[in-house]
Amino acid sequence: MRLKNVFLVVFGIILMASANVYSQDKSNALKYTVTYDDPYDIKKLFIHFQPIIGDIAALNVVGGFGLEANYYHSNLFDIEFSGRTSYGERFDISRDAAIRNSFNDNDPTPYYYAELGGTYHILDYTAASKSKILLYSKRLKGDEWAATVAKNALIDNTVRQIVGARVGGMFYSSVTDLNKTLTKQELTLYYDNGLEVESTDLYTNVLSYSVYLGGSMSWFKNFAVDFESRWEPNGDDLLLTTYLDLLYSPGITIDDLVIGGETVSLDEVKRSAFGFRAGLKGKFNRTLGWGYNVETGLRPGIAQNGFFLTFKLSFPIYGTKLEQTVEAVNTETGE
C-alpha cells in the first residue's frame with residue numbers, strides 16, 4: 001500500500017514538472033502575426049527568360065536558352081507556352097559532330113523545341129498547412145551571418161491545392177547520330193546497287209510533332225508574417241506543380257541519307273509513336289522572381305532513343321496581374 005502511495009506521489013511530481021516546462025516553453029515560443037494569407041491572389045501572367053536549359057537525351061545533347069509564358073485564370077484553367085533552341089553549333093552536340101565528321105551530305109538542322117498546352121482545374125480548393133520559414137535578422141551581417149546556424153520556424157498558413165487535367169502539343173527538330181540507332185536496332189543500310197553503307201559517321205535529321213494528355217497536382221502558397229522579435233518579416237509565395245503526361249506522335253520524320261548524290265532510304269529505321277514524361281516545376285509569386293523545371297521520360301521519335309532529361313532555370317521571371325484599374329476619387333463627394 002505504501003509502495004502505491006509513493007508511486008502516486010512521484011507520478012504527480014513528474015506531471016507538475018512537465019506542465020511547468022511546457023508552460024515555460026510556450027511563454028518563450030516565437031510569437032508571430034500572419035499579415036497576409038491568400039493563395040488565390042497571384043499574378044495572372046508570368047513571362048520566363050530561361051538563360052540555362054539542358055536537354056540530355058539519347059537522341060542528342062543540347063545546351064541552350066528559351067522563353068516561357070504562363071497565364072492563370074482565377075480558378076478554372078491555366079495556359080502555358082514555351083520554346084527553346086541551342087546556344088549555337090558547339091552546344092548542339094550531334095549537329096556539331098555532323099558538321100565536322102558526317103560522311104553523308106545531309107544539311108544538319110538546328111535544334112528547336114516548342115510546346116503549347118493548358119490545364120483544366122478539376123479540383124481547386126484550400127487546406128490548412130504549415131511552412132518552415134527561415135529566420136533572418138538585418139543585425140547579422142557579413143561574417144557574423146555566415147557563422148550563424150540558421151534558425152527556422154513552422155508557420156500556420158493556407159495552401160491552395162489544384163488537381164488538373166493537362167492537354168497540349170509539342171514539336172521538336174534535331175540531328176542524331178544514326179550509327180548508334182543502327183547498332184541498337186541491328187540494322188544495315190544498302191545502296192541501290194546492293195553494296196553496304198560502311199561508314200561510321202552517319203547523321204540524320206529527326207522531326208516530330210506530338211500531343212500529350214496527363215494530370216497534375218499543384219500547391220500554391222502566398223502568405224506573409226511579422227515576428228514580435230528581432231527577426232525580419234518573412235513568408236512563402238511558392239507555386240509548385242508536379243505532372244505526368246502520356247505522349248503520342250502522329251508524325252515522325254527521319255530524313256533519308258544523301259551520299260554522293262544518291263539517296264539511301266531509312267524506312268527500315270523503327271519509330272516509336274508513344275512516350276511519357278514526369279516533371280516538377282516551381283516559381284514564385286513576385287513581380288520579378290526566378291523558377292525551375294525538371295522533367296524526364298521517353299519522347300516519341302526513333303525507337304530505343306527516346307530517353308531524355310531536361311532541366312530549365314528561369315531568371316528573371318516577370319509577373320503581372322494584368323490590372324489597369326486605378327483608384328479614383330470624386331472631388332465633389334470625396335468618395
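Strands, numbered from the N terminus like the helices, are DSSP runs of type E with at least two residues, while helices are runs of H or I with at least four. Pro316 is found in one of them, strand 17 (residues 307-320). The peptide bond that leads from Phe315 to Pro316 is cis, with omega near -5 degrees.

This is a predicted model, in which local features need pLDDT of at least 70 and side-chain atom pairs count only at pLDDT 80 or more, while totals for chains, interfaces and linings use all residues. Residues are numbered from 1 along each chain as its sequence is written, and side-chain values use heavy atoms, with hydrogens and water left out.

**Helix 4 and its surroundings**

Helix 4 covers residues 178-185, and its buried residues are Leu178, Asn179, Thr181, Leu182 and Gln185. They lie on the same side of helix 4, because they cover an arc of only 160 degrees around the axis. The arc is that of the directions from the helix axis to the C-beta atoms. Buried means under 20% relative accessible area, exposed means over 50%, and partly exposed is in between (1.4 Å probe, protein chains only). On the other side of helix 4, Lys180 and Thr183 are exposed.

The buried residues of helix 4 pack against strand 6, strand 7, strand 11 (257-259) and strand 16 (301-302). At the start of the helix, a side-chain oxygen of Asp177 comes to within 3.1 Å of the backbone nitrogen of Asn179. After the helix comes Glu186, in the loop between helix 4 and strand 7. Glu186 is not a glycine, yet has a positive phi of about 55 degrees. Glu186 is exposed, with a relative accessible area of 73%. Gln304, in the loop between strand 16 and strand 17, also has a positive phi, near 70 degrees, and is a residue other than glycine.

Helix 2 (residues 93-101) has the buried residues Ser94, Arg95, Asp96, Ala97 and Ala98. These pack against strand 6 (151-177) and strand 7 (203-221).

**Nonpolar cores**

A nonpolar core is a set of buried Ala, Val, Leu, Ile, Met, Phe, Trp, Tyr and Cys residues joined through side-chain atoms within 4.5 Å. The largest one has 24 residues, of which Leu178, Leu189, Leu202 and Leu257 touch the most other members. Two or more residues come from each of strand 6, helix 4, strand 7, strand 10 (238-254) and strand 11. Strand 10 gives the largest share, three residues. Apart from this core lies another of eight residues, among them Ala153, Ile155, Val225 and Trp231. In soluble globular proteins, nonpolar side chains tend to be buried together.

**Salt bridges**

A salt bridge is a side-chain nitrogen of Lys or Arg within 4 Å of a carboxyl oxygen of Asp or Glu. The whole structure has 14 salt bridges. Three of them are listed here.

| Pair | Closest N to O distance |
|---|---|
| Asp55 and Arg299 | 2.7 Å |
| Glu115 and Arg277 | 2.7 Å |
| Arg277 and Glu295 | 3.4 Å |

Asp55 is in strand 2 and Arg299 in the loop between strand 15 (288-298) and strand 16, 244 residues apart. Both Asp55 and Arg299 are buried.

Glu115 lies in strand 5 and Arg277 in strand 14 (residues 274-284), so their salt bridge ties together parts that are 162 residues apart in sequence. Arg277 and Glu295, which lies in strand 15, are 18 residues apart in sequence. Arg277 is buried, with a relative accessible area of 1%, and Glu295 counts as buried at 6%. Glu115, Arg166, Asp245, Arg277 and Glu295 are linked in a network of salt bridges.

**Lys43 and Tyr120**

Lys43 lies in the loop between strand 1 (32-37) and strand 2 (45-57). Lys43 is buried yet has no salt bridge, and the nearest side chain of opposite charge, Asp41, is 7.7 Å away. For charge, Lys and Arg count as positive and Asp and Glu as negative, while His and the chain ends are not counted. The side chain of Lys43 makes a polar contact with the side chain of Thr287 (3.3 Å). A polar contact is a pair of N or O atoms within 3.5 Å; within protein, one must be able to donate a hydrogen and the other to accept it, and residues adjacent in sequence count only if both atoms are side-chain atoms.

Tyr120 is placed in strand 5 (residues 112-135). Leaving aside neighbours within four places in sequence, Tyr120 is in contact (heavy atoms within 4.5 Å) with Leu76, Phe77, Val163, Gly164 and Ala165. The C-alpha atoms of Tyr120 and Phe77 are separated by 4.4 Å, although the two are 43 residues apart along the chain.
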